[in-house]
Amino acid sequence: MDLKLTNKVAIVLAASKGLGKAVALALSAEGAIVVISSRNANELNKTAAEIQAQTGNRVIAIPADVSDSEQVKKLIKQTAGTFGRIDILLNNAGGPPFDKFENFDDEAWQKAFEVNLLSFARTAREILPHMQNAGGGRIVNIISGSVKSVLNNSVLSTAMRMGVVGMAKLMADEFGPYQVTVNNIAPGLILTDRIKDTLPQGADTEQALKEKAKSIPLGRIGKPEELGALVAFLASEQAAYISGTTIQIDGGASRAIF
Ligand SMILES: NC(=O)c1ccc[n+]([C@@H]2O[C@H](COP(=O)([O-])OP(=O)(O)OC[C@H]3O[C@@H](n4cnc5c(N)ncnc54)[C@H](OP(=O)(O)O)[C@@H]3O)[C@@H](O)[C@H]2O)c1
């Protein structure tokens with residue numbers, strides 16, 4: 001299927017590695033011009049070069065911290081100035097720490113709010129006029145399966161991601177007339193560095209992965225490229241009638257029926 005993404009302009013946030021990188025690769029492989037962003041400029045430049053070498057399509061690296069308003073505004077302005085349009089936004093960020101509710105102080109809550117909720121609102125607000133000018137657009141938010149079923153110690157993540165779910169529904173309402181769709185992706189366990197870092201290192205890693213896979217009906221942990229493919233579809237022409245949804249990608253792991 002031709003997803004008709006050739007020469008569409010995409011901004012993919014938090015994309016030097018992990019899920020963001022997989023999304024950038026998938027969009028680039030489909031012909032989009034991709035602007036990737038994250039904080040560490042060296043890592044970001046390496047990733048841009050790697051994706052561009054793989055797909056043959058243009059990948060631009062612009063470093064930014066998603067929680068820094070000025071950096072994000074500059075990134076969007078630079079992208080629109082260079083390419084004259086923005087069609088696709090992948091909202092993504094590093095995840096907040098896991099711990100018991102009683103261990104998080106105001107500072108931790110404030111940081112999670114700025115990184116995992118406010119940043120998503122800000123980018124959508126700043127990009128909307130460019131999507132209106134382009135005659136439509138796609139906003140996809142990476143959140144977490146914790147919005148569907150309880151995940152221990154994920155109170156910061158769950159509280160912020162539930163905010164994104166509500167916000168996306170309202171945005172889908174308001175942005176629909178501009179042919180801008182807004183959807184959330186709720187991943188279960190997808191094998192990125194964020195997950196690898198929680199596993200025992202060395203010979204025990206494989207065993208730990210097998211243990212985790214036991215509670216997943218498909219019997220394995222997800223691959224980042226599987227999530228990348230889902231976002232590429234949501235960004236496509238064919239997905240024009242999908243908006244306001246939260247789509248799980250978890251190998252069937254969620255215990256919730258709705
Ligand atoms: N992997 C999973 O199974 C899974 C499941 C549920 C939810 N999620 C969520 O999905 C998101 C991505 O996870 P991942 O597994 O891809 O993580 P990852 O492999 O650790 O990658 C995180 C990426 O985000 C960038 N980043 C972190 N903080 C940032 C900030 N403030 N501004 C800009 N970029 C930032 C990092 O680069 P720099 O450090 O250089 O900025 C890196 O490129 C997280 O929010 C995570 O909680 C993941």
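Let's start at the ligand, where one of its oxygen atoms sits 2.6 Å from an N or O atom in the side chain of serine 16. Keep in mind that this is a predicted model. Serine 16 has company: 28 residues surround the ligand, and the closest are Ser16, Arg39, Ala93, Ile190 and Thr192. Two further polar approaches are worth a look. From arginine 161, a polar side-chain atom comes to 2.8 Å from an oxygen atom of the ligand. With glycine 188, the backbone does the job, as one of its N or O atoms lies 3.1 Å from an oxygen atom of the ligand.

Now for the inside of the protein. The largest nonpolar core is made of 39 residues, and the ones with the most contacts inside it are Ile11, Leu75, Leu89, Ile127, Ile139, Phe175 and Val182. Which elements give two or more residues to this core? They are the strands β1 (9–13), β2 (33–37) and β6 (180–187), together with the helices α3 (69–83), α4 (106–134) and α5 (155–175). Isoleucine 139 makes a good viewpoint: leaving out residues up to four places away in sequence, it touches Leu89, Asn91, Ala124, Met131, Phe175, Val180, Thr181, Val182 and Asn183. There is also a second, separate core of 30 residues, with Val59, Ile88, Leu230 and Ala232 among its members.

Helix α3 deserves a closer walk. Its 15 residues reach 21 Å from first C-alpha to last, close to the 21 Å expected at 1.5 Å a residue. At its start, a side-chain oxygen of aspartate 68 comes to within 3.1 Å of the backbone nitrogen of glutamate 70. Just after the helix, glycine 84 adopts a positive phi of about 80 degrees.

Which residues of α3 are buried? Val72, Leu75, Ile76, Thr79, Ala80 and Phe83 are. Look down the axis of α3 and these buried residues fall within an arc of 120 degrees, so they line one face of the helix. Turned away from that buried side is a face carrying the exposed residues Glu70, Lys74, Lys77 and Gly81. As for what covers the buried residues of α3, the list includes β1, β2, β3 (59–61) and α4.

Strand β3 brings us to isoleucine 60, which has its place there. Apart from neighbours within four places in sequence, isoleucine 60 is in contact with Ile33, Val34, Val35, Ile36 and Phe83. Phe83 is one of the buried residues of α3, and residues 33–37 make up β2. If you want a sense of distance, isoleucine 60 and lysine 21 are 39 residues apart in sequence and 13 Å apart in space, C-alpha to C-alpha.

Over in strand β6, find asparagine 184. Is this asparagine 184 buried or exposed? Asparagine 184 is buried, with a relative accessible area of 1%. Its side chain is joined to that of threonine 246 by a polar contact of 3.0 Å. Setting aside neighbours within four places in sequence, asparagine 184 is in contact with Asn141, Ile143, Val164, Val165, Ala168, Thr245, Thr246 and Ile247.

One last stop is helix α7 (residues 204–213), whose buried residues are Ala208, Leu209 and Ala213. Seen down the axis of α7, they fall within an arc of 140 degrees, so they line one face of the helix.

Conventions: Residues numbered from 1 in each chain as written. Predicted model: local features only at pLDDT ≥ 70, side-chain atom pairs only at ≥ 80, totals over all residues. Heavy atoms only, no water. Core = buried A, V, L, I, M, F, W, Y, C linked by side-chain atoms within 4.5 Å. Buried < 20%, exposed > 50% of the residue type's maximum accessible area, 1.4 Å probe, protein only. Helix = DSSP H or I, 4+ residues; strand = E, 2+ residues; numbered from the N terminus. Contact = heavy atoms within 4.5 Å. Expected span 1.5 Å × (residues − 1). Arc of directions from axis to C-beta. Polar contact = N/O pair within 3.5 Å; in protein donor to acceptor, adjacent residues only side chain to side chain. Near = heavy atom within 4 Å.
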